[in-house]
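This briefing covers charged side chains, a nonpolar surface patch and backbone angles in one protein model. The sequence and structure come first, followed by notes grouped by topic.

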Amino acid sequence: MFTNCVLVGKVREVPVVETSAKGNTYAHVTIECERSFPNADGRLLSDVFRVVLWKGIAEEMAAACKVGSLIAVKGRLESHSFTREDKEYWIPDIIAERARVIAA
């Protein structure tokens, strides 16, 4: 079994490259993607996603992205959990396998 996703959207926050405890570079990019159908008022709504970028992808996207850039991301979904007040919560992450700036 596998998970796969493709997102095309506008950058809301420019990725900032950081270094993990193991010495790998990474960044997060927040993108806004319009839905493909209008709501009851006839307006297109948007969803916001946070994408994890690793190593070379992180460095390339941090150099090329600016707020408003249109980007495409192909990746996989991963989830992690945490417990608060004896209740378990699951958080999905989008891990980029490929990313490209379509329009700056």
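Arginine 12 is partly exposed, because its relative accessible area is 43%. Arginine 12 forms a salt bridge with glutamate 32, with the closest N and O atoms 4.0 Å apart. The model described here is predicted.

**Salt bridge between S1 and S3**

- Glutamate 32 forms its salt bridge with arginine 12, and the pair ties together parts that are 20 residues apart in sequence, because glutamate 32 lies in strand S3 (residues 25-38) and arginine 12 in strand S1.
- Glutamate 32 has a relative accessible area of 33%, so it is partly exposed.
- A search of the whole structure finds five salt bridges, and the one between glutamate 32 and arginine 12 is described above.

**Salt-bridge network**

- Glutamate 97 and lysine 74 meet through their side chains in a salt bridge of 3.3 Å, N to O.
- Lysine 74 lies in strand S5 (residues 70-84) and glutamate 97 in strand S6, so this pair ties together parts that are 23 residues apart in sequence.
- Glutamate 97 counts as partly exposed because its relative accessibility is 37%, and lysine 74 is partly exposed with a relative accessible area of 34%.
- The side chains of arginine 76 and glutamate 78 meet in a salt bridge of 2.9 Å, N to O.
- Glutamate 78 counts as partly exposed at 37% relative accessibility, and arginine 76 is partly exposed with a relative accessible area of 30%.
- Lys74, Arg76, Glu78 and Glu97 are joined into one network by salt bridges that share partners.

**Aspartate 93, a buried acid**

- Aspartate 93 is found in strand S6, which spans residues 87-103.
- Aspartate 93 is buried and has no salt bridge.
- The nearest side chain of opposite charge to aspartate 93 is that of arginine 50, 5.1 Å away; a salt bridge needs the nitrogen within 4 Å of a carboxyl oxygen, so the pair does not count as one.
- The side chain of aspartate 93 does have a polar contact of 3.0 Å with the side chain of histidine 80.
- Neighbours within four places in sequence aside, aspartate 93 is in contact with Val52, Arg76, Leu77, Glu78 and His80.
- Among these contacts of aspartate 93 are Arg76 and Glu78, which also belong to the salt-bridge network.

**Nonpolar surface patch**

- Val6, Val8 and Ile102 make a nonpolar surface patch of about 280 Å².
- Valine 6 is found in strand S1, residues 5-13.
- Valine 6 counts as exposed because its relative accessibility is 60%, where the cut-off for exposed is over 50%.

**Positive phi in the loop between S5 and S6**

- Glutamate 85 has a phi near 50°, a positive value in a residue other than glycine.
- Glutamate 85 lies in the loop between S5 and S6 and counts as exposed at 77% relative accessibility.
- Aspartate 86 also has its place in the loop between S5 and S6, and its phi is positive at about 60° although it is not a glycine.
- Aspartate 86 is exposed, with a relative accessible area of 80%.

Notes. Residues numbered from 1 in each chain as written. Predicted model: local features only at pLDDT ≥ 70, side-chain atom pairs only at ≥ 80, totals over all residues. Heavy atoms only, no water. Helix = DSSP H or I, 4+ residues; strand = E, 2+ residues; numbered from the N terminus. Buried < 20%, exposed > 50% of the residue type's maximum accessible area, 1.4 Å probe, protein only. Lys, Arg positive; Asp, Glu negative; His and termini not counted. Polar contact = N/O pair within 3.5 Å; in protein donor to acceptor, adjacent residues only side chain to side chain. Contact = heavy atoms within 4.5 Å. Patch = residues over 30% accessible without salt bridge, like charges linked within 9 Å, V, L, I, M, F, W, Y side chains within 5 Å. Areas by Shrake-Rupley, 256 points an atom, 1.4 Å probe, with all protein chains shown as cover.
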